Amino acid sequence: MLKEIGYAEVGQTFENFLLIKSATKGTASNGKPFLTLIMQDASGEIEAKLWDASEEDEQTYQAEKIVKVQGEINQFRGKQQLKIIRIRPAQPSDGVRLQDFLEKAPIPTEVLQQNITDIIFEMKNPTLQRIVRHFIKKYEEQLFLFPAAVKNHHEYVSGLAHHIYSMLQIAKGLKNLYTDINLDLLYAGIILHDLGKLQELSGPVAPSYTIEGKLLGHIPIMAEELGKAADELALEGEEITILKHMILSHHGKGEWGSPKVPLVREAELLHMIDLIDAKMNMLNRALQKTKPGEFTERLFAMDNRSFYKPTFEGQ
C-alpha cells in the first residue's frame, strides 16, 4: 500500500496521514456540496474530492489540518486525483507533527544562508551592496522559511532562498561566458526580485495569497519597498533606478505580470534566469517521480505538457 503521496501511481491504494494545504467548497451538478482538498506530505501533493460534504465537514477539513485518509489513486484530465474512501482528523494519540508533512528545500538552510552572504561580500558596488544588506537583515528569518510560490515551483519550506541560490549559481556561470555582465547589478536583482513574496504569501505552511498579494502583487510591493529603503538609507543615483526597473520587469511581459519589459541587459538576464530556474525546478521534481520510459503528469505551468523521461543515461 502506498505511503508517500508524491510517488502515487494510478490504480494504487493509499492510507496514511496528510496535511490539508487548501480546502475549497463547490457544488456538484446534482446540487450537492463538495470540498476540493489539496493535500500533501513531505514527498508532494495531490488533489482530492470529498463528495456530499456537510457543514461539519467544512468546519473540520480546513487548511493546515492533518487528517488520516484512505483512498484510491485515479486520474482526471491528465492529473492524478485521490478518491477518498475514509477520512478523519488526526488525534493527539496519533503522534503526527506538522513539520513532518512539509516539503523542504534539498539544500540545508545554513548552506543557503552562507552562499547568499558570500555573494554579498563579493559585491564591489557600495550602493548595491548596502541596499541588498538592508533587505537581507530586514527579512532574514522569513527569507529562509518562505516558499517561492503557492504552487508550480519552489513551493516548499525555504523555497524562496533555494530559488535565489540557484539563480545566483546560473549568474556566476554566465559571467564566465559573457564577461561584460555587471555581476553586482545582476546579483542584486536576483536577491531582491522576489522579496515582495514575503508580503504576498501567508507563510511556509499551506501558503495562500494575502490581501496585499491579491490586490497588489509581489512586484509592485517590492518596487515600493525598494524606494522607501533607498530614501531611508539616503541612497540615490542610477543604481537604484535600474534595480527598481529590474524588479518591475523580471516577469518579462505585461501579460505575465510585468509593469515594464526589460530594457537593460541585466534585467533581460534576470528574467531569463528566473524562467530557467523555475522551469527546471518544476521539471526535475516531476521527473524524479517518473519512471524511465514514461511521461510525467501534465504540468500546468509548462503549457500543460507531459514530459518524457528517456531510458538511457548520459553525463
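Which residue forms a salt bridge with R97, and how far apart are the closest N and O atoms? Select R97 together with D100, and you have the pair in view, with the closest N and O atoms 2.9 Å apart. As you look, keep in mind that this is a predicted model. Side chains of opposite charge can pair when their charged atoms come close. R97 counts as partly exposed at 46% relative accessibility, and D100, at 37%, counts as partly exposed too.

**More salt bridges**

A search of the whole structure finds 15 salt bridges, and a few of them make good stops on this tour. Select E9 and K291 next, which form a salt bridge whose closest N and O atoms are 3.3 Å apart. Because E9 lies in the segment before β1 (13-27) and K291 in the segment after α11, this pair ties together parts that are 282 residues apart in sequence. Colour the two by accessibility if your viewer allows it: E9 is partly exposed, with a relative accessible area of 36%, and K291 is partly exposed, with a relative accessible area of 44%.

Now move to R265 and E266, whose side chains meet in a salt bridge with an N to O distance of 3.0 Å. Is each partner buried or partly exposed? R265, at 45% relative accessibility, counts as partly exposed, whereas E266, at 4%, counts as buried, because buried means under 20% relative accessible area.

Finish this part by selecting E103, E155 and R285, which are linked in a network of salt bridges. Leave R285 highlighted, as this residue appears again at the next stop.

**The second largest pocket**

Rolling a probe the size of a water molecule over the atoms shows where empty space is left. Turn now to the second largest pocket, which has a volume of about 250 Å³. Its lining is made of 17 residues, and to find its centre you can select P106, Y156, N281, R285 and Q288, which lie nearest to that point. Next, show α5 (159-177) and α11 (265-288), the elements that give two or more residues to the lining of this pocket. Of these, α11 supplies the largest share of the lining, with six residues. If you colour the lining of the second largest pocket by class, you should find five nonpolar, seven polar and five charged residues.

**Two residues in the loop before α5**

From the pocket, go to the loop between α4 (140-143) and α5, and select N152. Although N152 is not a glycine, it has a positive phi of about 85°, and at 29% relative accessibility it counts as partly exposed. Then select H154, which lies in the loop between α4 and α5 as well. H154 is not a glycine either, yet its phi is positive, at about 50°. How large is the relative accessible area of H154, and is this residue buried or exposed? The value is 1%, and H154 is therefore buried.

**A nonpolar patch on the surface**

For the last stop, select I211, L215 and L216, and switch to a surface view if you can. Together, I211, L215 and L216 make a nonpolar surface patch of about 350 Å². To place the patch along the chain, follow L216, which is found in the loop between α8 (211-215) and α9 (218-232).

Technical notes:
Residues are numbered from 1 along each chain as its sequence is written. This is a predicted model: local features need pLDDT of at least 70, side-chain atom pairs count only at pLDDT 80 or more; totals for chains, interfaces and linings use all residues. Side-chain values use heavy atoms; hydrogens and water are left out. Patches are made of residues with over 30% relative accessible area and no salt bridge: like charges are joined within 9 Å, nonpolar side chains (Val, Leu, Ile, Met, Phe, Trp, Tyr) within 5 Å. Accessible areas come from the Shrake-Rupley method with a 1.4 Å probe; for residues, only the protein chains shown count as cover. A salt bridge is a side-chain nitrogen of Lys or Arg within 4 Å of a carboxyl oxygen of Asp or Glu. Helices (H or I, at least four residues) and strands (E, at least two) are DSSP runs, numbered from the N terminus. On a 1 Å grid over the protein atoms alone, a cavity is a set of points where a 1.4 Å probe fits but cannot get out, and a pocket is an open set with protein on both sides within 12 Å along at least five of seven lines; lining residues have an atom within 4 Å of a point. Grid points are joined across faces, edges and corners, and a volume is the space filled by probe spheres set on the points. Ala, Val, Leu, Ile, Met, Phe, Trp, Tyr, Cys and Pro count as nonpolar, Asp, Glu, Lys and Arg as charged, and the others, Gly among them, as polar. Buried means under 20% relative accessible area, exposed over 50%, partly exposed in between (1.4 Å probe, protein chains only).
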